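Thanks for sharing this one with me. Here are my notes, in the order in which I would read the model.

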Amino acid sequence: MPTEPRPASKRAGLAVVGLFALALAGMVGTTVALLPRGGRPPAVSVVGGPFRLESSKGGVLDSASLRGRPYLVFFGFTQCPNVCPTTLADLGSLLDEFARQGGDVRAYYITLDPERDTPALMREYMAAFSDRLTGLTGTPEAIAAVARAYRATARRVPLPGGDYTLEHTLMVYMIDRDGGFAGPLDLDAGHGLALKQLHRLAAAGRDS
Amino acid sequence: MTPRTLPALVLTLVLGAAGPALAQAGALKVGQPWSRATPGGARVAAGYVTVTNTGAAPDRLTGGSFERAGRVELHTMSTEGGVMRMAPLPNGVEVKPGETVTLSPGGNHLMFMDLTAPLKQGEAVKGTLTFEKAGTVPVEFAVGAIAAKAPGEKAPGDKTPSDKAGGHSGHAH
């Protein structure tokens, strides 16, 4: 009779070992899955993405053609009375100043109001700003896709006269030469800081 | 009056005429109204002004007119989490006794809708401000640079060559 419990405890012991083995396998599996594949992890950014839009300078601009050059992206619309024109004018003078320091960064102003902002209107509007700025528009679908990729929000606000205005993201996106998001450009702290950011952006990825 | 003080008086009158157009409507003192040059194709612009109530009764800015706009609305703007928020102010803006209300970029502003022609830097454009009690006050909006953030400011970014004495500093060279 004293032998009765033995097989049971043996079974229990085996079960415990089995559990440990499962846990170990789980841990190893997770670790392997989390390990970077290859020496360098692929350049993945959750913000930004490719676009093909109509340029205020004529023709279609494909973001693939910008590879190898860092650039800036800003969203707005031409019927924006406060922030958009002042930001564009400020961006233009900043990029012109950066050019005088030997740098070359362009900015792309993507409209969030494609129904009203036709390529012709964008061309007329952008003429008030530095040549280093280009306006982009497209079909509502193409604009929605690029806004989604950049996590940019746009919301229509109806106005009393039956018109509407837009609430939208104000960030100026810095895109590095590999097409990855490199953070927001800070225009509020003065051109000194923004120029430093541009120099860093222009230098990033050059040696790799 | 001596002949020597006459030129000074004339100069004062001339400068006074060219200086900030301060309007007074009863107890309300209206500061220099201003706007900004508009890019081609823009059909809207914003107007800014300060109003001080020196009286004992509250008043309310309810709207106005602008010679070059189809209509004028009062709007408010704010920035929340990197997103610009806009809302019409259908009840206008109250000006309490002893207080100064400032319409400025980044806050409450007059919205000039359906512009009939672009605004150019250096222009003065006629308009009115409408108050609940003080009535309609004729004003002139001074048009600043596209990037102006304050009245009369020569901001960077405009293409006018006479603007080298810009008010911005901190440029690294």
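1. Chain A of this predicted model has five helices and nine strands. Along the sequence these elements run α-β-β-β-α-β-α-β-α-β-β-β-β-α, so a helix stands at each end of the pattern, by the DSSP assignment.

2. On packing, chain A has 208 residues, and 37% of them count as buried. Among its contacts with a separation of 6 or more, 69% join residues 24 or more positions apart.

3. Chain B is built from one helix and 12 strands. What is the order of these elements along the sequence of chain B? The pattern is α-β-β-β-β-β-β-β-β-β-β-β-β, with the helix ahead of the strands.

4. Of the 173 residues in chain B, buried ones make up 34%. For contacts in chain B with a separation of 6 or more, residues 24 or more positions apart account for 62%.

5. Now to where the two chains meet. Chain A brings 33 residues to the contact, and chain B brings 34 residues. On the side of chain A that touches chain B, the elements giving two or more residues are helix H2 (83–100), helix H3 (119–126), strand E7 (164–168) and helix H5 (191–203). The largest share of that side comes from H2(A), with eight residues.

6. What kinds of residue does chain A place on the side that touches chain B? There are 14 nonpolar, 14 polar and five charged residues on that side of chain A.

How values were computed
Residues are numbered from 1 along each chain as its sequence is written. Chains are lettered from A and ligands numbered from 1 in the order in which they are written. This is a predicted model: local features need pLDDT of at least 70, side-chain atom pairs count only at pLDDT 80 or more; totals for chains, interfaces and linings use all residues. Helices (H or I, at least four residues) and strands (E, at least two) are DSSP runs, numbered from the N terminus. A residue is buried if 20 or more other C-beta atoms lie within 10 Å of its own, exposed if 12 or fewer, and partly exposed in between; C-beta atoms are placed from the backbone. Two residues are in contact if their C-beta atoms, placed from the backbone, lie within 7 Å. Ala, Val, Leu, Ile, Met, Phe, Trp, Tyr, Cys and Pro count as nonpolar, Asp, Glu, Lys and Arg as charged, and the others, Gly among them, as polar.
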